[in-house]
Amino acid sequence: MNAIEPTNTHTLASEQETFAETLVTMLNHGATVAMISLGHRLGLFDILAELPPASSENIAKLAGLDERYVREWLAVMTTARIVIYNAVPGHYQLPEAHAACLTRKATPGNVAVNAQFVPLIARMEDALIDCFRHGGGLPYHVYPCFHQVMSEDSGQTVVAALHDHILPLVPDLLRRLDDGIDVLDAGCGAGRALLTLAECFPSSRFTGYDLCSAAFENTAREAAERGLTNLTFEARDLRDFHEPGHYDLITSFDAVHDQADPQALLAGIATALRPGGVYLMQDIAGSSFLQNNLDHPLGPLLYSISCAHCTPVSLYQGGPGLGTMWGEELATVMLKRAGFEDICAHRLEHDPFNVYFVARREDVGPTPEENRNTGL
Ligand SMILES: C[S@@+](CC[C@H](N)C(=O)[O-])C[C@H]1O[C@@H](n2cnc3c(N)ncnc32)[C@H](O)[C@@H]1O
């Protein structure tokens, strides 16, 4: 016993030291991510990427920003090894390989877009403390810039990949969209996916529903300015969505787990499809079981977004608070409960953090055209 004690004490001390070092790294990374977000919003990475090694005065001038603040931000970026600093003559440079992960030109691989979620979460701390103490949730409008950040995020994962990667998951869909079908995006947010689709497929008709009209106002204006007549947006609480047989394709991008009544929405979607209709649902790729997500490369970030946003916005609506990580297993069960029988979950190479479900109701049967193709 006595012989073991010193070893145990030694092990504990070394474990504590290692953990303390990990925490210090986390502090540095957390602070850096907040500053990456700031740099993204101010366009600083985009300017740095276009410049040869430059002084803080030059960078600030080109960005139209205060030099003292820019210099301090550059110090963060330098000590974080994102920017290279040459003390004489006092020049800063963003290496090309780093620019390829941090600039608007790097879209859809701009990680600075995702960095914005961290300060967004941090800004909600006081409100969340209240939720932790008293329960309840938070409405969308108390989250500053949520829909804008979300739109940038899904702009990279969904909009940029729609035509080449996502739509081809559904056999024959591109042709049907070309011919002209009715499409709904449930929980469309800023509606950028619909805008892209409406421009690409003028013979099809597109509808976007979202709880928050503020989310899609700008896109609706843009669509009108571009003369698009095949796209409409409507502010709708989808808890009682009921439009039987209205659509040939229904999409939802990262929108089901936040809902007031996700199960009712899925059931509504199932009945809103016409014969041969298909539901394309993108959601976060993760397991419904915490123990399976231990090695998820974005586990802490996704659970943080869940804790600070997805869970409280659902609870505020009286929803079940499924959370961001409701997971593929539960999603499949809920799709089945909603009446979908033919469910296929796809992973796409460009987007390892999402899963794309293609779901159909068997009882509504194939389209007359599919019948012809299969010789029935
Ligand atoms: C994570 S965002 C995704 C938005 C968009 N699909 C995208 O990918 O950018 C979830 C969306 O669901 C909407 N939403 C949440 N609860 C809703 C409800 N009860 N009825 C309709 N929309 C709702 C939110 O307003 C939000 O725009």
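Which residues does Phe 353 touch, not counting residues up to four places away in sequence? In this predicted model, the partners of Phe 353 are Asp 283, Ile 284, Ala 285, His 296, Pro 297 and Leu 298. Phe 353 belongs to strand E9, which spans residues 351-360. Its relative accessibility is 30%, so Phe 353 counts as partly exposed. A second phenylalanine, Phe 233, lies 120 residues from Phe 353 in sequence. The C-alpha atoms of Phe 353 and Phe 233 are 28 Å apart in space.

The overall architecture is considered next. The protein chain holds 17 helices and nine strands. Along the principal axes, its C-alpha atoms fill a box of roughly 75 × 65 × 40 Å. The chain has 376 residues, and buried residues make up 47% of them. About 19000 Å² of the protein chain is exposed. Carbon and sulfur atoms supply 57% of that area. Contacts between residues at least 6 apart in sequence were also examined. Of these, 68% join residues at least 24 apart.

Two helix pairs illustrate the packing. Two packed helices are described by the angle between their axes and the distance between the axes. Helix H14 covers residues 262-272, and helix H16 covers residues 327-337. Their axes lie 8 Å apart, and the packing angle is about 50°. An angle between 35 and 65 degrees is neither roughly parallel nor roughly perpendicular; H14 and H16 are therefore oblique to each other. H14 passes H16 in a right-handed crossing. On the H14 side, the contact is made by Pro 262, Gln 263 and Leu 266. On the H16 side, Met 334, Leu 335 and Arg 337 take part. By class, the residues of this contact divide into four nonpolar, one polar and one charged.

The second pair is formed by helix H3 (residues 56-63) and helix H4 (residues 67-79). The axes of H3 and H4 come within 9 Å and cross at roughly 115°. This crossing, too, is right-handed. H3 contributes Ser 56, Glu 57, Ile 59 and Ala 60 to the contact. H4 contributes Glu 67, Val 70, Arg 71 and Leu 74. The contact of H3 with H4 has four nonpolar, one polar and three charged residues.

Two buried residues were examined through their contacts. Asp 182 sits in strand E3, residues 182-186. The relative accessible area of Asp 182 is 16%, below the 20% cut-off, so Asp 182 is buried. Beyond its neighbours within four places in sequence, Asp 182 contacts Arg 205, His 246, Tyr 247, Asp 248, Leu 249 and Arg 274. Asp 182 and Leu 273 are 91 residues apart along the chain. Their C-alpha atoms are separated by 9.7 Å. Gln 116 occupies the loop between helix H6 (111-115) and helix H7 (117-123). With a relative accessible area of 4%, Gln 116 is buried. Its contacts, leaving aside neighbours within four places in sequence, are Ser 37, His 40, Arg 41, Val 149 and Glu 152.

Backbone geometry was then inspected in several loops. Val 88 and Pro 89 are joined by a cis peptide bond, with omega about 25°. Pro 89 lies in the loop between strand E1 (84-86) and strand E2 (91-93). A cis peptide bond also joins Thr 107 and Pro 108. Here omega is about 10°. Pro 108 is placed in the loop between helix H5 (96-102) and H6.

Positive phi values occur in residues other than glycine. Arg 81 has phi near 65°. This residue falls in the loop between H4 and E1. The relative accessibility of Arg 81 is 66%, so Arg 81 counts as exposed. Asp 254 has phi near 55°, again a positive value in a residue other than glycine. Asp 254 is located in the loop between strand E6 (247-253) and H14. Its relative accessible area is 15%, and Asp 254 is therefore buried. Thus, of these two loop residues, Arg 81 is exposed, whereas Asp 254 is buried.

Definitions and conventions
Residues numbered from 1 in each chain as written. Predicted model: local features only at pLDDT ≥ 70, side-chain atom pairs only at ≥ 80, totals over all residues. Heavy atoms only, no water. Axes fitted to C-alpha atoms, helices over the stretch in contact; angles between N-to-C directions. Helix = DSSP H or I, 4+ residues; strand = E, 2+ residues; numbered from the N terminus. Parallel < 35°, antiparallel > 145°, perpendicular 65-115°, else oblique. Left-handed = near helix turned anticlockwise from the far one by under 90°. Contact = heavy atoms within 4.5 Å. Nonpolar A, V, L, I, M, F, W, Y, C, P; charged D, E, K, R; others polar. Buried < 20%, exposed > 50% of the residue type's maximum accessible area, 1.4 Å probe, protein only. Areas by Shrake-Rupley, 256 points an atom, 1.4 Å probe, with all protein chains shown as cover.
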